[in-house]
Amino acid sequence: MDKIIIKGGKSLKGEVKISGAKNAALPILISSLLTDGTCKYNNVPALNDIKSVNFLLENLGAKVVKTGAGSLSINSENFNNHKTSYELVRKMRASILVLGPLLARLKKAEVSFPGGCAIGARPVDLHLKGLAALGAKIEIKNGYIKAFCSQLKGADIYFDFPTVTGAENLMMAASLAKGTTVLKNCAKEPEVIELADVLNKMGAKIKGAGTPTIEIIGVKELKPAEVAIMPDRIEVGTFIIAAALTNGDILIKGCAPKHLEAVINKLKEAGADIIVKNNNIRAIGNKEIKSADIKTLPYPGFPTDMQAQFMVLMCFGNGVSMIEESVFENRLIHVSELNRMGADIKVSGNKAMVKGVKFLSGAPVMASDLRASASLVLAGLAAKGVTEINRIYHLDRGYENIEAKFSALGADIKRISV
Ligand code: UD1
């Protein structure tokens, strides 16, 4: 298993190019199951989750061909297997996104029930309720979701909570359903809009993505499309924090700044200088980091996927910061690792009180989930001494070439295989 070793304390300076977004790429690659033709994808990030989704698609009968650096073609003409195993879903919960396309195309699905994960129970009841409203018969048996239908039919569906992959699953299923589907209280994340745009390019009739109400008029068939995956807003946010933390100056190229309003505003409040110009963001850190409060919320609120990274910045704040995690019930696992590095964080329920300290000290730490891993890298970059991050397979699921990118900015960071 690999480890990352960081000698902290370097001020990060230079340019970094942002990769394609994992959370946009996963549903978009899966949407290739909705057509018989060959879809082409560019700017696909080289991540373990992308390998997992390609393996999953091949397992279902699709043909995935790497056509260049960051480019893939997927043909689902022979898509005929309706089963997805526990092994695949356990590795990557987003595998649940095949449910909609399986029901829409093959009229049956058998997908392992995704269990809870480190950050919470993460149920899929809203996906299942929605598919049932479209006419699918669903039962849970031996750890598997077994579903079938004769033909999905449009319906009105209300999400009790705005779920990102739930909206995506339902948009895919409803695109090939008979009649009109109206989804209410939808997630408004940019990745939901991006998938709707891709489906529309394929011939779907979807209106309202990015608002609470999405209307989908079912069509008989979809055609293939060529798509470039949008930039990863969470990777952008992670680099802005790296600049703020290390008194650095980073030009972050190829971003979509409009997806980052909550993050940019909060980081300005925390004392960073952030200059947005077209698709680039220049982030400049200042000596004094100001303590600021956040509460994570569905988009356009402060993203839960940036909470752990923001907490590291607050460890160096000039006062006290209150951080409330309101999307997932157990997403403060990184606190104990940060405290081992000398942070002063107290947790009560889903809230953390972070008192700023003068410095963190490098230590061996353990990554517990994807974004927690990123927070430990940031903590290591800002800490005095050497930080050794174990279990970095989480990091490789969602950050492309992270150590190469930080190295190019002047960090002393290396990966070693144990
Ligand atoms: C997606 C993102 C993940 C991000 C999260 C919230 C992908 C592949 N992953 O995950 O990085 O952290 O959005 O922005 O895009 N819920 C239910 N029942 C359901 C579905 C969700 O109760 O059927 C709850 C969840 O437990 C959670 C909340 O809704 O508390 C939001 O979760 P959701 O938006 O579904 O997260 P994911 O789509 O899994």
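Helices here are DSSP runs of H or I with at least four residues, and strands are runs of E with at least two, both numbered from the N terminus. This is a predicted model, where local features need pLDDT of at least 70 and side-chain atom pairs count only at pLDDT 80 or more, while totals for chains, interfaces and linings use all residues. Residues are numbered from 1 along each chain as its sequence is written, and side-chain values use heavy atoms, with hydrogens and water left out.

Q: How far apart do the C-alpha centres of domain 1 and domain 2 lie?
A: Let's start with the overall layout. The protein chain splits into domain 1 (2–19 + 231–417) and domain 2 (22–228), with bounds from an automatic or database domain assignment. Where they meet, 22 residues of domain 1 and 21 residues of domain 2 take part in the contact (heavy atoms within 4.5 Å). From one C-alpha centre to the other, the separation is 30 Å.

Q: Which element gives the largest share of the lining of the second largest pocket?
A: A pocket is an open set of points on a 1 Å grid over the protein atoms alone, where a 1.4 Å probe fits, with protein on both sides within 12 Å along at least five of seven lines; its lining residues have an atom within 4 Å of a point. This pocket has 26 lining residues, and those nearest its centre are V44, P45, A46, L47 and E400. Two or more lining residues come from each of α2 (48–59), β5 (71–75) and α14 (402–408). The largest share, four residues, belongs to α2.

Q: Why does the second largest pocket lie between domain 1 and domain 2?
A: Try looking at who supplies the lining. The pocket lies between the domains because lining residues come from both domain 1 and domain 2.

Q: Which residues is L29 in contact with, leaving aside its neighbours within four places in sequence?
A: Find L29 in the structure and set aside the residues within four places of it in sequence. One of its remaining partners, V44, is also among the residues nearest the centre of the second largest pocket. The full list for L29 is Y41, V44, I50, V53, N54, L57, L72 and I74.

Q: Is A69 buried or exposed?
A: A69 sits in the loop between β4 (63–68) and β5. In sequence A69 is 24 residues from P45, and in space their C-alpha atoms are 9.2 Å apart. Buried means under 20% relative accessible area, exposed over 50%, and partly exposed in between (1.4 Å probe, protein chains only). At 80%, A69 is exposed.

Q: How many residues of α10 are buried?
A: Go along the helix α10 (307–314) one residue at a time. Q307, A308, Q309, F310, M311, V312, L313 and M314 are buried. That leaves α10 mostly covered, and the count of its buried residues is eight of eight.

Q: Which peptide bond is cis, with omega near 10 degrees?
A: Look in the loop between β18 (294–295) and α10, where P300 is found. The cis bond leads into this proline, from Y299 to P300.

Q: What is the phi of R391?
A: As a warm-up, take N247, in the loop between α8 (233–245) and β15 (249–253): it is partly exposed at 30% relative accessibility, and its phi is positive, about 55 degrees, although it is not a glycine. R391 lies in the loop between β23 (386–390) and α13 (393–398) and is partly exposed, at 37%. R391 is not a glycine either, yet its phi is positive, at about 60 degrees.
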